[in-house]
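Me: Could you take a close look at one part of this model with me? I would like to start from its nonpolar core.

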Amino acid sequence: MSDRGKVSAIVGANWGDEGKGKITDIKAQDADIVVRFQGGSNAGHTILNKFGKFALHQLPSGVFYEDVVNIIGNGCALNLEYLEREIAKVMQGAPELKFQLMIDSRVPLVLPHHILLDELEEARRGDKAFGSTKAGIAPFYSEKYIKEGIQLNEIFHEEHLKARLKYLYEKANLIIQNVYNAPPVDYMEVFERITKYKDFAEKHMIDATSFLRKSWLDGKNILLEGQLGALRDPGLGIYPYVTSSHTLAGFASVGAGLPPYAITEILAVTKAYSSCVGAGPFVTELFGELAEELRRLGGDAGEYGATTGRPRRVGYFDAVATRFGAQVQGATHLGLTNLDVLAYMDEIPVCVAYEVNGEQITDFPVSPLLNIAKPVYTTLPGFKTDIRGIRHFKDLPQNAQNYVRFIEEQVGLPVAVLSNGPKREEIVEL
Ligand code: GDP
């Protein structure tokens with residue numbers, strides 16, 4: 001047992017965009033392998049390092065370390081065309097970089113009709129649209145679970161692939177033409193588009209389950225990296241305003257391909273305030289000037305989506321939501337980011353309970369109740385100091401230390417990584 005490697009999951013405690021990319025980039029220094037276990041190009045991780053600023057979508061956040069093996073796991077949604085573009089963009093910013101990328105042979109492919117259906121369906125929903133990034137993710141995962149998706153390994157079996165695509169598009173075209181009144185997709189065109197990537201796949205494709213098992217037994221350190229956050233999980237999140245793949249560390253075992261008991265550390269990442277992209281209930285949301293100020297000062301360049309550029313919804317720290325998020329992640333520790341952003345506030349409200357129908361609750365409720373929940377705040381004094389250069393917890397202003405300790409108490413977990421700036425070195429030793 002003791003020779004086995006350490007497996008840690010880095011996941012979101014909230015709605016996504018918590019700063020997981022930065023935390024993974026830091027933790028990857030000591031890792032041998034970084035695995036993305038779910039999601040696709042519908043969200044992004046922002047990373048600032050010696051090469052510049054990057055928004056990673058499908059690439060795991062270990063790509064900037066040449067001796068780290070990066071794996072796109074079977075739980076992901078692989079869009080080969082987008083991945084090719086993403087790699088070209090990274091290479092443009094870091095031309096010298098030689099990264100290692102492996103892709104699980106069992107990962108299913110995002111196909112052109114997934115993106116088309118995503119666009120058509122959002123347009124049909126009109127003012128009830130989910131705010132999809134239109135990367136095809138919901139139609140992709142639906143198809144995976146009705147067992148009609150195409151896995152990467154299938155592009156090497158051409159007759160088999162043609163037959164499966166023909167069948168797939170017979171049905172997809174019925175929906176495209178009859179439900180949405182749009183022109184049909186030619187399955188042979190799709191066949192050409194995906195088999196074009198055979199050389200690329202030959203270079204990168206592996207049996208990730210067997211590779212990870214051997215690596216784990218050989219004592220390698222493995223990081224499992226999630227996308228979005230606990231509250232976007234389709235099972236335990238703010239349904240239906242969720243994503244289509246499981247964002248929880250419990251799924252990391254499936255989506256990467258490792259035994260559940262291999263994962264011994266789960267770091268749930270949260271910001272020192274709240275931010276949220278997309279629709280759905282958000283109890284501590286701020287509006288007007290208060291929101292504008294936080295949005296302008298938040299993140300590395302204001303709170304705007306890494307993938308979409310959309311302004312993010314922002315609010316005060318929500319301890320009810322974060323405690324729930326950390327619990328359903330099975331978190332052993334917290335990663336707290338963006339503490340520096342709060343330096344402008346005279347007082348910092350923290351939501352410690354919700355008021356629902358005149359009653360105070362501290363357990364995160366289901367969506368219809370979230371829609372009517374009002375935040376109950378405890379207000380802490382602000383620290384009013386630029387803390388970006390500080391490297392040791394004891395050197396932080398007392399009120400900043402108190403704020404961190406208050407969050408630990410509320411969430412019921414210790415902060416293991418504390419980030420006070422978007423850059424790789426902007427970390428406070430605890
Ligand atoms: P992810 O998807 O969880 O990786 O998060 P994103 O990259 O989408 O969003 C996090 C934002 O916070 C990005 O703009 C990061 O550059 C930024 N960020 C991360 N940590 C810190 C921090 O400690 N301070 C500040 N000011 N920005 C941070």
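Which residues of the largest nonpolar core touch the most other members?

Reply: Happy to help! This is a predicted model, in which local features need pLDDT of at least 70 and side-chain atom pairs count only at pLDDT 80 or more, while totals for chains, interfaces and linings use all residues. Residues are numbered from 1 along each chain as its sequence is written.

The residues you ask about are Leu 78, Ile 222, Leu 224 and Ala 268, in a core of 117 residues. A nonpolar core here is a set of buried Ala, Val, Leu, Ile, Met, Phe, Trp, Tyr and Cys residues joined through C-beta atoms within 7 Å. Buried means that 20 or more other C-beta atoms lie within 10 Å of a residue's own; exposed means 12 or fewer, partly exposed is in between, and the C-beta atoms are placed from the backbone. Helix 11 (residues 319-329) gives the most to this core, with 6 residues; helices are DSSP runs (H or I) of at least four residues and strands are runs (E) of at least two, numbered from the N terminus.

Let's zoom in on Ala 268. Leaving aside neighbours within four places in sequence, Ala 268 is in contact (C-beta atoms, placed from the backbone, within 7 Å) with Val 11, Ala 13, Gly 325, Ala 326, Gln 329, Ala 331, Leu 334 and Gly 335.

Ile 222, another of the residues you asked about, is also touched by Gly 5. Gly 5 lies in the segment before strand 1 (7-12), and counts as partly exposed because it has 18 C-beta neighbours inside 10 Å. Among its other contacts are Ser 215, Trp 216 and Asn 221.

How values were computed:
Two residues are in contact if their C-beta atoms, placed from the backbone, lie within 7 Å.
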